[in-house]
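This report goes through the fold, one helix, the charged pairs and a few single residues. The sequence and coordinates come first.

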Amino acid sequence: MSLRPRNQFFKRKGNWTRLKLQQQDRQLVMLSRIVLHPDYRGLGLAHRFVQAACRQVDWPWIECLSEMGHFNPFLEKAGFQRLGLCGRAESDIEHHSVLYGSTKLHGQKRKLTQTTHKKSRYARPVYYLFDNRENHRKKRQNNIETDRSSRQRGPSVEIE
C-alpha cells in the first residue's frame with residue numbers, strides 16, 4: 001500500500017530505518033471503523049462525535065483511511081485534513097493485503113482471500129490526518145502538574 005500522502009505531509013522520503021518507523025509510530029494512531037446507526041445519519045452527529053473523541057486521545061496525530069471520503073466529507077467537518085488517495089488504481093493481492101489483510105499473531109499480515117481481493121481490488125481510500133498536537137500538549141502538561149502536586153503533598157496517610 002502506498003501512504004504517499006502521509007509521507008509527503010511529513011516530508012518523509014525513502015531510506016526508512018526501523019528506528020525512524022518506530023519514532024513515527026509513536027506519533028500516529030489510526031482511527032478506523034466509524035459506523036453510525038442509520039437512524040442517526042444526516043443529523044450532523046458523526047463529525048461532532050469524531051471530533052470530540054479525537055480531542056480525548058493522547059496522541060499528537062490521528063490518521064484515518066476512508067473509502068467513504070469519496071462520498072461524505074464528515075471527517076473534514078470534524079477537523080481532519082484530506083491529504084490524498086492511497087493505494088493503486090488496481091493492486092495485486094500481495095499489495096492489497098497490506099492494507100486490507102487481517103493481522104495475525106506476531107504482527108504479520110494475513111493475505112486476503114481471492115474473493116475478498118476481487119471485491120476490493122479497486123479500492124483507493126482517502127488519507128486523512130487530524131492535528132491533535134495542542135490537546136496532546138495540554139494532556140502532557142496536566143499529567144506533569146498532577147505528578148508534581150502529588151509528590152509535593154507526599155504520601156497520604158490516614159490516622160484513626
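## Burial and overall fold

Of the 160 residues of the protein, 26% count as buried. The model is a predicted one. Its accessible surface comes to about 12000 Å², and carbon and sulfur atoms hold 50% of that area.

Seven helices and four strands make up the secondary structure of the protein. Read from the N terminus, the elements follow the order α-α-β-α-β-α-β-α-α-β-α. Among contacts in the protein with a separation of 6 or more, 76% join residues that are 24 or more positions apart.

## Helix H3

Helix H3 has 12 residues. From its first C-alpha to its last, H3 reaches 17 Å, close to the 16 Å expected at 1.5 Å a residue. Which residues of H3 are buried? They are Ala46, His47, Val50 and Cys54. Seen down the axis of H3, these buried residues fall within an arc of 90°, so they line one face of the helix. The general background is that an α-helix has 3.6 residues a turn, so residues three or four places apart point the same way.

The cover over the buried residues of H3 includes S1, strand S2 (61–66), helix H4 (74–77) and strand S4 (126–131). On the other side of H3, Phe49 and Gln56 are exposed.

## The loop before H3

The loop between strand S1 (28–31) and helix H3 (45–56) contains tyrosine 40. With a relative accessibility of 45%, tyrosine 40 counts as partly exposed, because the partly exposed class runs between 20% and 50%. Together with Leu43 and Leu45, Tyr40 forms a nonpolar patch on the surface, and the three have about 300 Å² of accessible area together.

Arginine 33 is also found in the loop between S1 and H3. Its phi is near 55°, a positive value in a residue other than glycine. Arginine 33 has a relative accessible area of 80% and is therefore exposed.

## Salt bridges

Side chains of opposite charge can pair when their charged atoms come close. The count of salt bridges, with nitrogen and oxygen within 4 Å, comes to five. The table lists some of them.

| Pair | N to O distance |
|---|---|
| Arginine 6 and glutamate 63 | 2.6 Å |
| Arginine 82 and glutamate 76 | 3.8 Å |
| Glutamate 134 and arginine 137 | 3.6 Å |

How many residues separate arginine 6 from glutamate 63 along the chain? They are 57 residues apart, and the salt bridge between them links distant parts of the chain. Arginine 6 lies in helix H1 (residues 4–9), while glutamate 63 belongs to strand S2. Both arginine 6 and glutamate 63 are buried.

In the pair of arginine 82 and glutamate 76, arginine 82 counts as partly exposed at 39% relative accessibility. Glutamate 76 is partly exposed too, with a relative accessible area of 34%.

Glutamate 134 and arginine 137 are both in helix H7 (residues 133–153). Because they are three residues apart in H7, about one helical turn separates them. Are these two residues buried or exposed? Glutamate 134 counts as partly exposed at 47% relative accessibility. Arginine 137 counts as exposed at 51%, because the cut-off for exposed is over 50%.

## Histidine 136

Helix H7 also holds histidine 136. At 15% relative accessibility, histidine 136 counts as buried, since buried means under 20%. What does histidine 136 touch, not counting residues up to four places away in sequence? The residues it touches are Asp58, Trp59 and Pro60.

## Lysine 11

Lysine 11 is found in the loop between H1 and helix H2 (18–25). Phi of lysine 11 is near 55°, which is a positive value in a residue other than glycine. Lysine 11 is exposed, with a relative accessible area of 72%.

Definitions and conventions:
Residues numbered from 1 in each chain as written. Predicted model: local features only at pLDDT ≥ 70, side-chain atom pairs only at ≥ 80, totals over all residues. Heavy atoms only, no water. Patch = residues over 30% accessible without salt bridge, like charges linked within 9 Å, V, L, I, M, F, W, Y side chains within 5 Å. Areas by Shrake-Rupley, 256 points an atom, 1.4 Å probe, with all protein chains shown as cover. Salt bridge = Lys/Arg side-chain N within 4 Å of Asp/Glu carboxyl O. Helix = DSSP H or I, 4+ residues; strand = E, 2+ residues; numbered from the N terminus. Buried < 20%, exposed > 50% of the residue type's maximum accessible area, 1.4 Å probe, protein only. Contact = heavy atoms within 4.5 Å. Expected span 1.5 Å × (residues − 1). Arc of directions from axis to C-beta.
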